[in-house]
Every structure is written in structure tokens, then in C-alpha cells.
Amino acid sequence: MTRTFFVFARNTRLNVSVDVGHYKARTRPTLAQDQRLAWLRELLTGSSESLPYRVAGILLLLYAQPLVRVAALRADAITIDPTTGQTSIGFGGRPVPVPAPFAGLLLDHLKTRPNLRTSVAESPWLFPGTRAGHHLHPNTIMDRLRSLGIQLTGARNRALDDLVTQMPAPLVADALGYSYQAVFKHAASAGENWARYASLKRQP
């Protein structure tokens with residue numbers, strides 16, 4: 001699991017230009033992998049949104065996390081190994097590594113979370129809301145990311161499709177908080193969609 005995310009970070013280095021594609025599956029919304037990587041680079045390095053929404057979007061695009069779950073993440077889901085300095089994040093199962101440069105962005109957000117003054121005690125939420133004791137509403141995050149042009153369901157589907165081609169489906173389910181049934185469906189769909197995409201690319 002650790003190696004997979006570091007390989008992903010290496011393969012999506014920031015100095016590589018991306019030619020954005022527009023392939024869509026017939027049966028469900030999805031993004032082309034190039035389009036997903038383009039959005040990841042934009043949210044990592046661009047200025048199209050404020051830091052909290054950039055972090056939320058990356059959690060969607062990198063870890064296939066539904067935004068309802070992203071909004072409800074607690075700040076203590078983020079941990080730093082005192083020996084190695086490795087940043088990890090937990091989605092209900094075993095914590096998964098956070099690759100650079102996203103690790104730095106995530107820690108910056110953790111230190112500068114907005115709306116912390118809405119409560120006397122420090123908010124436990126990674127995305128505090130404007131109401132004391134509440135996290136940010138998922139619809140607020142969804143609206144902000146949609147306004148950028150990100151297709152939310154397609155982004156999550158593509159992220160899961162990619163992850164299940166890199167590691168066994170049960171490991172993906174355990175690490176990211178999905179049911180085995182849902183992840184195995186994505187594993188089957190990913191194989192079918194990539195085969196169809198490859199055939200389209202071969203056509204003159």
C-alpha cells in the first residue's frame with residue numbers, strides 16, 4: 001500500500017504537461033486518467049480555489065473519498081510517524097500514506113483551518129463549519145468543486161478504477177473504507193473500461 005501511493009506521486013510529478021482527454025464510459029460517469037491527473041496538479045499547485053477546498057478535492061481525486069465522508073473527517077485522522085516523519089491519513093481502516101507534495105498541503109491546512117473561532121474549544125473536524133461543533137456541510141464542498149468544473153462522481157469512479165488496478169481490491173476496500181462488493185464491482189468495470197479505451201485509441 002505504501003509503495004503504491006509513492007509510485008503514484010512519482011508518476012504524477014508536477015513538471016509534466018498533461019493533454020486532457022474526454023473519454024467517458026457508456027454505463028457510468030468517469031474521467032479519463034489524464035483529466036484526473038490534470039485536476040490533481042491544478043489543486044496541488046494552482047490558485048483556482050482556497051486551501052480547504054483544494055485539500056477536499058485532492059482527497060476525492062487521490063483516495064476516491066466521497067465528499068460526504070471528506071466533510072466529516074476528524075483532524076486526528078492525520079498522523080505523523082515520529083521516526084520517519086511520514087504523514088498518513090485514516091479513512092476508517094489502517095492509515096494510508098500521504099505522498100508529497102500533498103502531505104505538505106494537508107499539514108498546512110491542518111494548521112490554518114478556517115472557522116476555528118466558532119467554538120471555545122479547538123474543533124475536532126478537519127473541515128470545521130461555521131456553526132460551533134459542526135463540520136463543514138458536504139454540499140458546500142460539492143458546490144465549490146463543481147463550480148471549478150470537476151465532475152464529482154466521475155472523479156471518484158476514476159480514482160477507484162485506478163487504485164484497483166494497482167493493488168488487490170480487498171486492500172483498497174480496507175484502506176479506503178469501502179465495502180468489498182463495491183470495490184470488486186469497480187475492479188471488474190476498470191478492466192472493461194480500460195479495454196474499451198485501448199480499442200478506441202487504436203482506431204485510426
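# A tour from helix H6 outwards

Start by selecting Arg146 and Asp143: the two form a salt bridge, with their closest N and O atoms 3.7 Å apart. The model is predicted. Both residues belong to helix H6 and sit three positions apart, which is about one helical turn. An α-helix has 3.6 residues a turn, so residues three or four places apart point the same way. Colour the pair by accessibility: Arg146 is partly exposed at a relative accessible area of 48%, and Asp143 is likewise partly exposed, with 48%.

**The buried side of H6**

Now select the whole of H6, residues 138-148. Which of its residues are buried? They are Pro138, Ile141, Met142 and Leu145. These residues cover an arc of only 100 degrees around the axis, so they lie on the same side of H6. To see what covers them, add H3, helix H4 (67-71) and helix H7 (152-166), which are among the covering elements. Just after H6, stop at Gly149, where phi is positive at about 105 degrees.

**Arg144 and Glu49**

Go back into H6 and pick Arg144, then Glu49. Their side chains meet in a salt bridge, at 2.7 Å from N to O. Arg144 is in H6 and Glu49 is in the loop between H2 and H3, so this pair ties together parts that are 95 residues apart in sequence. Are the two partners buried or exposed? Arg144 counts as partly exposed at 31% relative accessibility, whereas Glu49 is buried, with a relative accessible area of 13%.

**Arg74 and Asp76**

Next select Arg74 and Asp76, whose side chains form a salt bridge at 3.7 Å, N to O. Arg74 is partly exposed, with 38% relative accessibility; Asp76 is exposed, with 54%. A search of the whole structure finds four salt bridges, and those visited on this tour are included in that number.

**The sheet**

Switch to a cartoon view and select strand S1 (78-80), strand S2 (87-89) and strand S3 (96-97). They make an open sheet of three strands in the order S1-S2-S3, paired antiparallel. S1 and S3 stand at the edges with a single partner strand each, so one side of each has no neighbour in the sheet. Between S1 and S2, look for three bridges. One residue to label is Ile78, whose bridge partner in S2 is Ile89.

**Helix H5**

Move on to helix H5, residues 102-111. Show the side chains of its buried residues: Phe102, Ala103, Leu105, Leu106, Leu107 and His109. What covers them? The cover includes helix H2 (33-45) and helix H3 (51-63), together with strands S1 and S2. H3 has therefore come up twice, since it is also among the elements that cover the buried residues of H6.

**The whole chain**

Finally, zoom out to the full chain. Its secondary structure comprises nine helices and three strands. Read from the N terminus, the order of elements is α-α-α-α-β-β-β-α-α-α-α-α. The chain has 204 residues, of which 47% count as buried. Among contacts with a separation of 6 or more, 62% are between residues 24 or more positions apart. The accessible surface of the chain is about 10500 Å², and carbon and sulfur atoms account for 54% of that area.

Terms used
Residues are numbered from 1 along each chain as its sequence is written. This is a predicted model: local features need pLDDT of at least 70, side-chain atom pairs count only at pLDDT 80 or more; totals for chains, interfaces and linings use all residues. Side-chain values use heavy atoms; hydrogens and water are left out. Helices (H or I, at least four residues) and strands (E, at least two) are DSSP runs, numbered from the N terminus. Buried means under 20% relative accessible area, exposed over 50%, partly exposed in between (1.4 Å probe, protein chains only). Contact means heavy atoms within 4.5 Å. Accessible areas come from the Shrake-Rupley method with a 1.4 Å probe; for residues, only the protein chains shown count as cover. Two strands pair if DSSP finds at least two bridges between them. The arc is that of the directions from the helix axis to the C-beta atoms.
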